Amino acid sequence: QDKWEIQSTELTLMKPLGSGQFGVVRLGKLQGRTLVAVKTMREGSMCEDDFIQEAKTMTKLQHPNQVQLYGVSFKDRPIQIVTEYMCNGNLSSYLRSKGRELADDRSPLVDMCHQVCCGMEYLERNKFIHRDLAARNCLVGEHNIVKVSDFGLARYVLDDEYTSSTGSKFPIKWASPEVLEFSRFSSKSDIWAFGILMWEVFTLGKTPYPNLNTTDVVRQVTHGKHLDRPQRCPHAVYRIMKQCWEKDPLRRPTFKEVQVQIEDIQEKDYCE
Ligand SMILES: Cn1cc(-c2ccnc(-n3ncc4cc(C(C)(C)C)cc(F)c4c3=O)c2CO)cc(Nc2ccncn2)c1=O
């Protein structure tokens, strides 16, 4: 039996961590030792067979800024997805609750963006598309460690409200023009979403395009109107966001290029 296949008998379930797209996620223990997060799939929420095929490849994606997929228990239903545990929950809630402490010296905010960028550069290098990058889909561990989570799972969601670009759960505010118009996902639509994530970080977890409804957001985005610079965001950082929001996907930077630009800002220990 491959390492990535986990027997349900190896899992001890503990407190719930919240409910995600596929059902309840709990804190758990693997072989009575390693703290893990366990997603117990809600019936009919996921295209399970397709996911199980892909899971083996996904366990091979390993990076310090990726939430590690340890394996899947699928011999008995419901299937359970077992991942690394991140003690401080999702980045969006973390920014809203702890953002004040981070905002005094802006370097923690730049550092969080850098960590997500490194995790995404690794995915880009492996030709893997996230499809739903946003602060809510990143997780925070100890010492402001940030990791990208649930990458690629969007392909297995069965809820049309989420998968259809006109559905009520579709992440419109993180979608690039070509995703809105043609559902064309790529690393170039991931870098667009990364620009939105940077805006979330520098607004300490605000929702993008505040008080705009879906139609207005689609109109703005397709007409090339961008989010304004957040007040605590340095101009050098805002210039990176605007590169990610180029209408033409080919004119957007790679995650590698953005990673280098962020590192340049960190080295110069930018001062406005
Ligand atoms: C690994 N992990 C997962 C979670 C956790 C809990 C509930 N829902 C989720 N989510 N959140 C989002 C999510 C999104 C998707 C898309 C396909 C991309 C739409 C698919 C999912 F399956 C999930 C999921 O399961 C997560 C994220 O997978 C929380 C953790 N930690 C804490 C710590 C303290 N308080 C709360 N959570 C943790 O360490």
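Which elements each supply at least two residues of the lining of the second largest cavity? Hold on to that one, everybody, and we'll get there by way of the ligand and the pockets.

A word on the model first. It is predicted, so local features need pLDDT of at least 70 and side-chain atom pairs count only at pLDDT 80 or more, while totals for chains, interfaces and linings use all residues. Residues are numbered from 1 along each chain as its sequence is written, and side-chain values use heavy atoms, with hydrogens and water left out.

Let's start with the ligand. There are 24 residues around it, and F22, K39, E84, M86 and D150 come nearest; a residue counts as near if one of its heavy atoms lies within 4 Å. Now the polar contacts, meaning pairs of N or O atoms within 3.5 Å. K39 places a polar side-chain atom 2.6 Å from an oxygen atom of the ligand. For M86 the partner is a polar backbone atom, 2.7 Å from a ligand oxygen. In D150, an N or O atom of the side chain is 2.8 Å from an oxygen atom of the ligand.

Next, the pockets. Everything here is computed on a 1 Å grid over the protein atoms alone: a pocket is an open set of points with protein on both sides within 12 Å along at least five of seven lines, a cavity is a set where a 1.4 Å probe fits but cannot get out, and lining residues have an atom within 4 Å of a point. Points are joined across faces, edges and corners, and a volume is the space filled by probe spheres set on them.

The largest pocket has a volume of about 860 Å³. It has 31 lining residues, and those closest to the centre are G20, K39, R136, N137 and D150. β1 (11–20), β3 (34–40) and β5 (80–84) each give two or more residues to that lining, and β1 has the largest share, with four. Helices (H or I, at least four residues) and strands (E, at least two) are DSSP runs, numbered from the N terminus.

The second largest pocket comes in at about 190 Å³. Its lining includes K3, W4, R33 and Y70, and the elements giving two or more residues are α1 (48–60) and β4 (69–73).

On to the cavities: there are two of 30 Å³ or more. The largest holds about 120 Å³ of space. Among its 13 lining residues, R131, D132, W174, A175 and F185 lie nearest the centre, and helix α6 (residues 187–202) provides the largest share, three residues.

The second largest cavity has a volume of about 90 Å³. K39 and D150 are in its lining, along with others including F51, M58 and F151. And here is the answer to my opening question: α1 and β5 each supply at least two residues of this lining.

Last stop, the cysteines. How many disulfides does the structure hold? Zero, where a disulfide is a pair of cysteine sulfur atoms within 2.5 Å. C113 forms no bond because the closest cysteine sulfur, in C233, is 8.2 Å from its own, which is too far. C244 is in no disulfide either, with the nearest cysteine sulfur, that of C117, 8.0 Å away. C113 is buried (under 20% relative accessible area, with a 1.4 Å probe and protein chains only), at 1%. C244 is buried too, at 0%.

Thanks, everyone!

Notes. Buried means under 20% relative accessible area, exposed over 50%, partly exposed in between (1.4 Å probe, protein chains only). A polar contact is a pair of N or O atoms within 3.5 Å; within protein, one must be able to donate a hydrogen and the other to accept it, and residues adjacent in sequence count only if both atoms are side-chain atoms.
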